Amino acid sequence: MKTLRTAAALATLSTLALAPAAQAATAVFAGGCFWSTEKAMESLPGVTSAVSGYAGGALQNPTYQNHRGHLEAVKVTYDPAKISYAKLVEGFFHHIDPTDAGGQICDRGPSYTTAVFVEGGAETATAQAVKAQVAKTLGKPVATRILTGGRFWPAEAYHQDYARKNPANYNAYRIGCGRDRALKAVWGSAYQ
């Protein structure tokens, strides 16, 4: 009997070992300063990584010094078994002021405007539905654009994980900018 249980347990373990791993998915968001967007998106359950970079422009190999036409963006890798695309988009919206068409908080100008970059009809429909719900919740038009994918370019190494690697500098920026106060004014108790 003990041999049969051991054999059954080994068979179960080998089946689990052969089962395909959950397929990771990616999504790109522009939420103003990529340091803040990266930090916010990494805090969502089911997100495994976030990379700061540039998206939405025509320049090849943009840099921080020259990313004209691009938005500061973050490429998020997530586990769809732990967070749906809809919840990911909703989480993104709750970490920005989606009504601001000129940038985010103290970061002003075209490269700091907000967008959800979508791939395919399902993501487009989901992002548009979340955007419509956000407009209804806030009672204001939402300036965040829904844009078709395009190439994502990672930012320079010193921008990656900036908030984690440089907490004093990042917190001074965040406090000086008034980010939490501004987002609390937009979202009230729904701001995380």
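User: In which helix do Lys87 and Glu90 both lie?
Analyst: This is a predicted model in which local features need pLDDT of at least 70 and side-chain atom pairs count only at pLDDT 80 or more, while totals for chains, interfaces and linings use all residues. Residues are numbered from 1 along each chain as its sequence is written, and side-chain values use heavy atoms, with hydrogens and water left out. Lys87 and Glu90 are three residues apart, about one turn of the helix. The element that holds both (a DSSP run of H or I, at least four residues, numbered from the N terminus) is helix α3.

User: How far apart are the closest N and O atoms of Lys87 and Glu90?
Analyst: Side chains of opposite charge can pair when their charged atoms come close. Lys87 and Glu90 form a salt bridge (a side-chain nitrogen of Lys or Arg within 4 Å of a carboxyl oxygen of Asp or Glu). The closest N and O atoms of Lys87 and Glu90 are apart by 3.8 Å.

User: Is Lys87 buried, partly exposed or exposed?
Analyst: The classes follow relative accessible area: buried is under 20%, exposed over 50%, and partly exposed in between (1.4 Å probe, protein chains only). Its salt-bridge partner Glu90, at 33%, is partly exposed. Because Lys87 has a relative accessibility of 48%, Lys87 counts as partly exposed.

User: Which residue does Arg164 meet in a salt bridge, and is that residue buried or exposed?
Analyst: The side chain of Arg164 meets that of Asp161 at 3.3 Å, N to O. Arg164 counts as exposed because its relative accessibility is 59%. The relative accessible area of the partner is 19%, so Asp161 is buried.

User: Which residue forms a salt bridge with Asp180?
Analyst: The structure holds four salt bridges, and Asp180 takes part in one with its closest N and O atoms 2.8 Å apart. Asp180 is partly exposed because its relative accessibility is 36%, whereas the partner is buried at 12%. That partner is Arg174.

User: How many residues make up the largest nonpolar core?
Analyst: A nonpolar core is a set of buried Ala, Val, Leu, Ile, Met, Phe, Trp, Tyr and Cys residues joined through side-chain atoms within 4.5 Å. In the largest one, the residues with the most contacts inside the core include Phe29, Val76, Tyr78 and Phe93. Its largest share, five residues, comes from helix α3, residues 85–93. The residue count of this largest core is 39.

User: What does Phe93 touch, leaving out residues up to four places away in sequence?
Analyst: Phe93 is among the residues with the most contacts inside the largest core. Contact means heavy atoms within 4.5 Å. On this count, Phe93 touches Pro98, Val116, Val130, Lys131, Val134, Val142, Thr144 and Trp187.

User: What is the order of the six strands in the open sheet?
Analyst: Strands are DSSP runs of E, at least two residues, and two strands pair if DSSP finds at least two bridges between them. The pairing in this sheet is mixed. Strands β7 and β8 (152–154) are at the edges, each pairing on one side only. The order is β7-β6-β1-β3-β2-β8.

User: In which sense do β6 and β7 pair?
Analyst: Strand β6 covers residues 114–118 and strand β7 covers residues 145–148. Phe117 stands opposite Leu147 in β7. Four bridges join the two strands, and the sense is parallel.

User: How many bridges join β2 to β3?
Analyst: Strand β3 (residues 71–78) also runs antiparallel to β1 (residues 25–31), with five bridges between them. There Ala27 stands opposite Val76, and Phe29 has Val74 as its bridge partner. Val74 also stands opposite Ser52. The β2 and β3 strands run antiparallel, and the number of bridges joining them is eight.

User: How many of the eight residues of β3 are buried?
Analyst: Strand β3 pairs with β1 and with β2. The strand is mostly covered. The number of its residues that are buried is six.

User: Is Thr37 buried or exposed?
Analyst: Thr37 is found in helix α2, residues 34–42. Leaving aside neighbours within four places in sequence, Thr37 is in contact with Phe29, Gly31, Gly32, Val74 and Phe92. Because its relative accessibility is 4%, Thr37 counts as buried.
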